[in-house]
Amino acid sequence: MSATSRFDTLLVANRGEIACRVMRTARRMGLRTIAVYSDADADARHVREADEAIRLGPAPARESYLDISKVIEAARRSGAGAIHPGYGFLSENGEFVQACEEAGIVFVGPPASAIAAMGDKSAAKARMMDAGVPLVPGYHGQDQNDDLLRREAGAIGYPVLLKASAGGGGKGMRVVESDGQFQAALDGCRRESRAAFGDDRMLIEKYLTQPRHVEVQVFCDRHGNGVYLFERDCSVQRRHQKVLEEAPAPGMTEALRQQMGEAAVRAAREIGYVGAGTVEFLLDAPQGQSQEPQRFYFMEMNTRLQVEHPVTEMITGEDLVEWQLRVAMGEPLPKDQAALVIDGHSFEARLYAEDADNDFLPATGQLTRFALDLQGAALDEREVRLDSGVDSGDSVSMHYDPMLAKLIVHGPDRAAALATLNRALAALDIQGVVTNRGFLQRLASHPAFKAAELDTRFIERHESSLF
Ligand code: ADP
């Protein structure tokens, strides 16, 4: 990694809202922006907003957004000195990072070695144990003998969770309730994992029955500085997919916040991290008035900018994409830990083109209208932010992730921010394509959500009043 890596042209190797969001900051910083697109996106908003746009190939992502050589070639042709990968696609692909390096292009993200260190769940857990980061009680060893795994499960205590070491996206994961179920579950998980990842190594974890998903935003530069920008609560999930996120996490004590923040920075330092990263923890959340201390456990590290990064921006007043670009240019972090403070509360709702009343089937079509009427709802534009990949008149295809936009709000406290979220959701004017807006409204106005009774089974538990 060279120390001086200034660039004046940035290629954004992504589409949709994140491509638009990254380009917004790049433009403000005076950078020239290059978009890339597939045939399905020739008229997309991110293409319209870029200074220059380069076609990658046909609609399938494999032949366009995931094609490393085409993306590198687009950067060469446009004279881009750096590539921002957004999230998804090539953002956590070590081979792509290597290809950027070989082409003399700055990759806006961590070194390939840091991505590799977190890519395998077993290896990552071993590293984290060395770094003194708390882990869910479990087994993550190399010995994969069936009988040994079964004994380990018994020692951990049922219920346990079997997870594919190479896993991701909730695949190759199974809860086992008893010793009698163990062998069948192991066989099933191995089969699934071989099919999905070509690898059948397993790890075992104690299955926490009511955990919260609380993650910490970290940032490191190339000069040895590392900070945390506090936490986000992403417990409201459907099939392990986040739906509503907020920052800060409700009910955190200052001591716990600091402990989790420092553990996250330790995790990042352990693997030589550079740039924006997120350390995901499970927080064992005794519900109600329990006096038990809350315990947190490392789950995984995402080595990229997260979808939900805006809630952190709203409570810190920092622009995380600007931080990423500055770090990529070789600058030190804009602020140290002592200068970072939490102001108020923020929520993010993910707006998807999908039919919540019909098993969340993806929806397509032309968005004849897509707008947010702030004035009509008497909302202050400083309180509401719409990060969108679409405009009125745009078409929604079936080729990519169906997320259209993110609605992000800020308020002086949780109750005020939640009231703003509900007003802002109602002020969205969407016509032509079915969305999950109604579902988001039912979630955001749910008494249990208002009371911050959060854990990863929230949606499951309240199914009858949400659908
Ligand atoms: P993936 O990489 O496939 O997304 P993760 O390890 O990140 O898998 O876990 C995904 C989700 O599964 C978490 O957000 C959490 O809701 C749940 N989960 C993971 N580990 C545990 C555990 N030990 N106990 C209870 N729930 C868990």
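User: Hi! Which loop is A378 found in?

Analyst: A378 is in the loop between β19 (369-372) and β20. Bear in mind that this is a predicted model.

User: Sure. What is phi of A378 near?

Analyst: Phi of A378 is near 55 degrees, a positive value in a residue other than glycine. For background, most residues other than glycine have a negative phi.

User: And is A378 buried or exposed?

Analyst: A378 is exposed, because just 8 other C-beta atoms lie within 10 Å, and a residue with 12 or fewer gets that label.

User: Which loop holds F360, and what about its phi?

Analyst: F360 lies in the loop between β16 (354-355) and β17 (361-362). Its phi is positive, about 55 degrees, although F360 is not a glycine. F360 has 16 C-beta neighbours inside 10 Å, so it counts as partly exposed.

User: Thanks! On to peptide bonds. Where is the cis bond to P159?

Analyst: A cis peptide bond joins Y158 and P159, with omega about 0 degrees. P159 is in the loop between α7 (146-156) and β7 (160-164).

User: What about the bond from A247 to P248?

Analyst: The bond from A247 to P248 is cis as well, with omega near -5 degrees. P248 sits in the loop that runs between β12 (241-247) and α9 (254-270). As a rule, most peptide bonds are trans.

User: Good to know. Now the sheets: what is the strand order in the open sheet of eight strands?

Analyst: The order is β14-β13-β10-β11-β12-β15-β22-β20, with antiparallel pairing. β14 (295-302) and β20 (384-388) are the edge strands, each pairing on one side only. Neighbouring strands in this sheet are turned by 25 degrees against each other on average, direction ignored.

User: Which helix packs on that sheet?

Analyst: Helix α12 (residues 414-426) does, touching β15 (345-352), β20 and β22 (403-411). The direction of α12 makes about 140 degrees with that of β22.

User: Tell me about β22. How many bridges does it have with β15, and how many with β20?

Analyst: β15 and β22 pair in the antiparallel sense over eight bridges, and β20 pairs with β22 over five, again antiparallel. In the pairing with β15, the bridge partner of S346 is H410 in β22. R385 stands opposite I408 in β22. As for burial, β22 is mostly covered, with seven of its nine residues buried.

User: And how do β10 and β13 pair?

Analyst: Strand β10 (residues 211-220) and strand β13 (residues 275-284) are antiparallel and share 10 bridges. One residue pair to look at is E215, which stands opposite E280 in β13.

User: Oh, two glutamates. Which strands supply residues to the shell around the ligand?

Analyst: β10 and β14 each supply at least two residues of that shell. The ligand is surrounded by 18 residues, and the closest are G168, G170, E205, L208 and T456.

User: How does the shell split by class?

Analyst: The shell has eight nonpolar, eight polar and two charged residues.

User: There's a parallel sheet too. What is its strand order?

Analyst: That open sheet has five strands in the order β3-β2-β1-β4-β5, with parallel pairing. β3 (52-57) and β5 (106-107) stand at the edges with a single partner strand each, so one side of each has no neighbour in the sheet. Strand β2 (residues 32-38) pairs with β3 over five bridges, in the parallel sense. Within that pairing, S38 has G57 in β3 as its bridge partner.

User: Switching to helices: why is α10 largely enclosed?

Analyst: Helix α10 (residues 309-316) is largely enclosed by the rest of the structure because seven of its eight residues are buried. Those are H309, P310, V311, T312, E313, M314 and I315. After α10 comes G317, whose phi is positive, near 75 degrees.

User: Last bit, the overall picture. How many helices and strands does the protein have?

Analyst: The protein has 16 helices and 23 strands. Its C-alpha trace spans about 60 × 50 × 45 Å along the principal axes. The radius of gyration is 22 Å, which agrees with the value near 23 Å for a compact globule of 467 residues.

User: What share of the residues count as buried?

Analyst: 46% of the 467 residues count as buried. Among contacts between residues at least 6 apart in sequence, 66% join residues at least 24 apart.

Notes:
Residues numbered from 1 in each chain as written. Predicted model: local features only at pLDDT ≥ 70, side-chain atom pairs only at ≥ 80, totals over all residues. Pairing = 2+ DSSP bridges. Helix = DSSP H or I, 4+ residues; strand = E, 2+ residues; numbered from the N terminus. Axes fitted to C-alpha atoms, helices over the stretch in contact; angles between N-to-C directions. Contact = placed C-beta atoms within 7 Å. Near = placed C-beta within 6 Å. Nonpolar A, V, L, I, M, F, W, Y, C, P; charged D, E, K, R; others polar. Rg over C-alpha atoms; globule rule 2.2 N^0.38 Å. Buried ≥ 20, exposed ≤ 12 C-beta atoms within 10 Å, placed from the backbone.
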